Amino acid sequence: IANFSCIPWVDFDSITSCQTNGRQIQPLITWGKVNDNYEMIVSITVSHIFVNGRDLGYFFENIQKEFNHF
């Protein structure tokens with residue numbers, strides 16, 4: 001289970017997500033506006049108890065490959 005959020009009118013550099021419950025374990029994936037260079041920021045907030053950096057790296061590699069073929 002993951003929570004998704006889209007802010008298509010904002011081209012952001014970083015985003016901070018508020019966690020109101022310390023037991024929140026679902027990843028939060030947020031993406032923004034596609035800019036003039038056809039770049040789009042994707043931000044992921046996760047609990048490192050359940051997800052490690054290697055898995056996040058794989059996610060970003062795979063999503064970049066998909067966008068390169070778009």
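Where in the chain is E39 found, in terms of β2 and β3? This residue, E39, sits in the loop that joins β2 (28-34) to β3 (40-45), and the notes below, which concern a predicted model, return to that loop after an overview of the fold.

1. Overall architecture. The protein contains three strands and one helix, and, read from the N terminus, its elements follow the order β-β-β-α. Of the contacts in the protein with a separation of 6 or more, 41% are between residues 24 or more positions apart.

2. Burial and surface. Of the 70 residues in the protein, 20% are buried. The surface that the protein exposes comes to about 5,800 Å², and 53% of this area is supplied by carbon and sulfur atoms. Two surface patches, one negative and one nonpolar, are taken up in points 3 and 5.

3. The negative patch. Residues D11, D13, D36 and E39 together form a negative patch on the surface. For E39, a member of that patch, the relative accessible area is 46%, so the residue is classed as partly exposed.

4. Y38 in the loop between β2 and β3. Y38, like E39, is placed in the loop between β2 and β3. Its backbone deserves a careful look: the phi angle of Y38 is near 60°, which is a positive value in a residue other than glycine. Most residues other than glycine have a negative phi. Y38 counts as exposed because its relative accessibility is 74%, a value over the 50% cut-off used for that class.

5. The nonpolar patch. On the surface, I25, I49 and F50 form a nonpolar patch, and the accessible area of these residues together is about 350 Å². F50 belongs to the loop between β3 and α1 (53-68), and, because its relative accessibility is 53%, F50 counts as exposed.

6. V51 and its surroundings. The loop between β3 and α1 also holds V51. When its neighbours within four places in sequence are left aside, V51 is in contact with V46 and L56. Between V51 and I25, the latter a member of the nonpolar patch, there is a separation of 26 residues in sequence, while the C-alpha to C-alpha distance is 9.4 Å.

7. Points to inspect in the model. In the loop between β2 and β3, the positive phi of Y38 can be viewed together with the place of E39 in the negative patch. In the loop between β3 and α1, F50 can be viewed as part of the nonpolar patch, and V51 with its contacts to V46 and L56.

Conventions: Residues are numbered from 1 along each chain as its sequence is written. This is a predicted model: local features need pLDDT of at least 70, side-chain atom pairs count only at pLDDT 80 or more; totals for chains, interfaces and linings use all residues. Side-chain values use heavy atoms; hydrogens and water are left out. Patches are made of residues with over 30% relative accessible area and no salt bridge: like charges are joined within 9 Å, nonpolar side chains (Val, Leu, Ile, Met, Phe, Trp, Tyr) within 5 Å. Accessible areas come from the Shrake-Rupley method with a 1.4 Å probe; for residues, only the protein chains shown count as cover. A salt bridge is a side-chain nitrogen of Lys or Arg within 4 Å of a carboxyl oxygen of Asp or Glu. Lys and Arg count as positive and Asp and Glu as negative; His and the chain ends are not counted. The place of a charge is taken as NZ of Lys, CZ of Arg, CG of Asp or CD of Glu. Helices (H or I, at least four residues) and strands (E, at least two) are DSSP runs, numbered from the N terminus. Buried means under 20% relative accessible area, exposed over 50%, partly exposed in between (1.4 Å probe, protein chains only). Contact means heavy atoms within 4.5 Å.
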